[in-house]
Amino acid sequence: MTRHGFVVGVRPEKREEYVELHRAVWPRVEQAMRESNIRNYSIFIIDDVLFGTYEYVGEDYDADMGRIQADPTSREWWSHTNPCQVPFGAAPAGTLWREMDLAWHMD
């Protein structure tokens, strides 16, 4: 199992829309993540910053992430959530969320 943490900005005028969308995440979006070995996914918000964390329990991270990227329902979901977001700092080209390095963990 590996832990992943990500950060992204949220547009102040879209903050409530983003939170409202996540009060009822589409079941197929959650199913696609589960089928791709994502567990314990959480998104936290403070001011205009979102922090996400999840555990990956699979064997081929790139292939599993590719399946999520190709899922039509997930892509439709992102057409609603992505306009709410802005890159945080120097996010890689073509992405919004920026992956963080794990500095410390306690079981």
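In this predicted model, arginine 3 and aspartate 107 are joined through their side chains by a salt bridge, with an N to O distance of 3.5 Å. The two partners come from distant parts of the chain, 104 residues apart: arginine 3 belongs to strand E1 (residues 2–10), while aspartate 107 sits in the segment after strand E5 (98–100). Their surroundings can be described as well. Arginine 3 is partly exposed, at 31% relative accessible area, whereas aspartate 107 is exposed, at 81%. The pair also has company, since a network of salt bridges links Arg3, Glu55 and Asp107.

Such pairs are easy to picture, because side chains of opposite charge can pair when their charged atoms come close. Across the whole structure, the search finds nine salt bridges, and two further examples are worth a look here.

One of them lies within a helix. Arginine 67 and aspartate 64 are both part of helix H3 (residues 61–70), where three residues, or about one turn of the helix, separate them. The closest N and O atoms of this salt bridge are 2.0 Å apart. Here the partners contrast in accessibility: aspartate 64 is buried, because its relative accessible area of 2% falls under the 20% cut-off, but arginine 67 is partly exposed, at 48%.

The other example connects the side chains of arginine 28 and glutamate 35, with 3.2 Å from N to O. In this salt bridge, arginine 28 has a relative accessible area of 29% and is partly exposed; glutamate 35, at 46%, counts as partly exposed too.

Notes. Residues numbered from 1 in each chain as written. Predicted model: local features only at pLDDT ≥ 70, side-chain atom pairs only at ≥ 80, totals over all residues. Heavy atoms only, no water. Salt bridge = Lys/Arg side-chain N within 4 Å of Asp/Glu carboxyl O. Helix = DSSP H or I, 4+ residues; strand = E, 2+ residues; numbered from the N terminus. Buried < 20%, exposed > 50% of the residue type's maximum accessible area, 1.4 Å probe, protein only.
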